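Let's work through a protein model together, one exercise at a time. Have the viewer open and try each task before you read its solution.

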Amino acid sequence: MNIFPKKQEETGREKVIIVENVSNKYNDEFFLKNISFVVYKGEIFSIIGLSGSGKSTLLKTIVGLEKKLGGTISVLGNNIFFTRKMVGFSPQQDSFFSDLSISQNMELFSSMNGVSYKTGKELGKEYLKMLGMEGFDEKKPKELSGGQKKRLNIILSCLHSPKLLILDEPFAALDYYNRRILWDFLISLKNRGITIVLTTHLLNEAQEYSSRVLVLKNGKKFGYGTFNEIKEKIGFNYLLHIKMSHVANSFIDSLTHFCMLKKIRIVYNLKKELLFAVAGGEDKSTIEGFMKRNNQEFTEVEFRPPNLDEVILASR
């Protein structure tokens, strides 16, 4: 029974996940509040935000591990109860059996998802090789490093060739080299038609490899879409960085008040060094005009488009 009719955009893009007004709370405190977004088939979709923003809670709610307070969630056109076999989920915690070898874990996880051991083993060997763990079949998880355990988690979550792969902080404990290997692996899965949803603190890498992102702030949707769409929506198209050799506390107080009135964000304030989130040249002129009217000497360090780290910093 399909309780969520299949929906498509006018462009014909298939919606793999539809989240509408979803909320969740513990002890009368909201962890998620009226979250709505769509994930399209074949994209890498990143959910980002500061620690405690609700990223992991949202993923667990999508896969049915957390009960939602309100709203609706459609996964692959239906309730997750009916589509679970088409979804792979890798949590932050280890999901493998430590007393079994990697080969035995692959056999068990394949059978749990209705895949023959032969098929699962062949795919598992291929994935081990792609992730720099070739020949690890008979090793036990206790012999692996933290990063290798994380990669094993991911391999076990996709032995059944899911249509949708959901990963909670897959890059935790990985250095740059191993993150690069994992990104290449995820891109290869994407090229095979698997839709990928993940949470991450690696904002610049999310900006580089994700087609779209969802930014959470205190359990609410702060930004959603492509990086450029998010920048435009919050009015943060440029970063203005200035330095001052001498400055009085009273001037900083006046400048802060002035920026509040003009709805200009001060992203970073170290008294003699300031970063502003501005929409364009008009905001830049407004700030510089205020400085000059108050006889405050300053030097413009840079005026450029922000990166995702700086956009998140502006959301604090």
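Below are four exercises, each with a worked solution.

A word on the ground rules: this is a predicted model, where local features need pLDDT of at least 70, side-chain atom pairs count only at pLDDT 80 or more, and totals for chains, interfaces and linings use all residues. Residues are numbered from 1 along each chain as its sequence is written, and side-chain values use heavy atoms, with hydrogens and water left out.

**Exercise 1. The pocket**

Find the volume of the largest pocket and say which residues lie closest to its centre.

Step 1. On a 1 Å grid over the protein atoms alone, a pocket is an open set of points where a 1.4 Å probe fits, with protein on both sides within 12 Å along at least five of seven lines; lining residues have an atom within 4 Å of a point.
Step 2. The volume of the largest pocket comes to about 460 Å³.
Step 3. Its lining has 17 residues, and Arg 84, Val 87, Phe 89, Met 112 and Asn 113 are the closest to the centre.
Step 4. Strand E5 (87-90), helix H3 (102-112) and helix H5 (146-157) each give two or more residues to this lining. Here helices (H or I, at least four residues) and strands (E, at least two) are DSSP runs, numbered from the N terminus.

**Exercise 2. The core**

Work out which helix gives the most residues to the largest nonpolar core.

Step 1. A nonpolar core is a set of buried Ala, Val, Leu, Ile, Met, Phe, Trp, Tyr and Cys residues joined through side-chain atoms within 4.5 Å. Buried means under 20% relative accessible area, exposed over 50%, and partly exposed in between (1.4 Å probe, protein chains only).
Step 2. The largest such core has 32 residues; Leu 182, Phe 185 and Leu 189 are among those with the most contacts inside it.
Step 3. At least two residues each come from H3, helix H4 (117-130), H5, strand E6 (164-168), helix H6 (176-191) and strand E7 (195-199).
Step 4. The answer is H6, with six residues.
Step 5. Now zoom in on Leu 189: leaving aside neighbours within four places in sequence, Leu 189 is in contact (heavy atoms within 4.5 Å) with Tyr 127, Cys 158, Leu 165, Ile 194 and Ile 196.

**Exercise 3. Salt bridges**

How many salt bridges does the structure hold, and where do the partners Arg 212 and Glu 43 sit?

Step 1. Count pairs with a side-chain nitrogen of Lys or Arg within 4 Å of a carboxyl oxygen of Asp or Glu; the structure holds nine salt bridges.
Step 2. Arg 212 and Glu 43 meet at 2.7 Å, N to O, and both are buried.
Step 3. Arg 212 is in strand E8 (residues 212-217), while Glu 43 is in the loop between strand E2 (29-40) and strand E3 (44-49), 169 residues apart.
Step 4. Try Lys 284 and Glu 288 next, whose side chains meet at 2.9 Å, N to O. These two are separated by about one helical turn because they are four residues apart in helix H10 (residues 281-293).

**Exercise 4. One alanine**

Is Ala 277 buried or exposed?

Step 1. Locate Ala 277 in strand E12 (residues 273-278).
Step 2. Its relative accessibility is 4%, so Ala 277 counts as buried.
Step 3. Not counting residues up to four places away in sequence, Ala 277 touches Phe 236, Tyr 238, Ile 264, Arg 265 and Val 267.

Note on methods:
Points joined across faces, edges and corners; volume = space filled by probe spheres on them.
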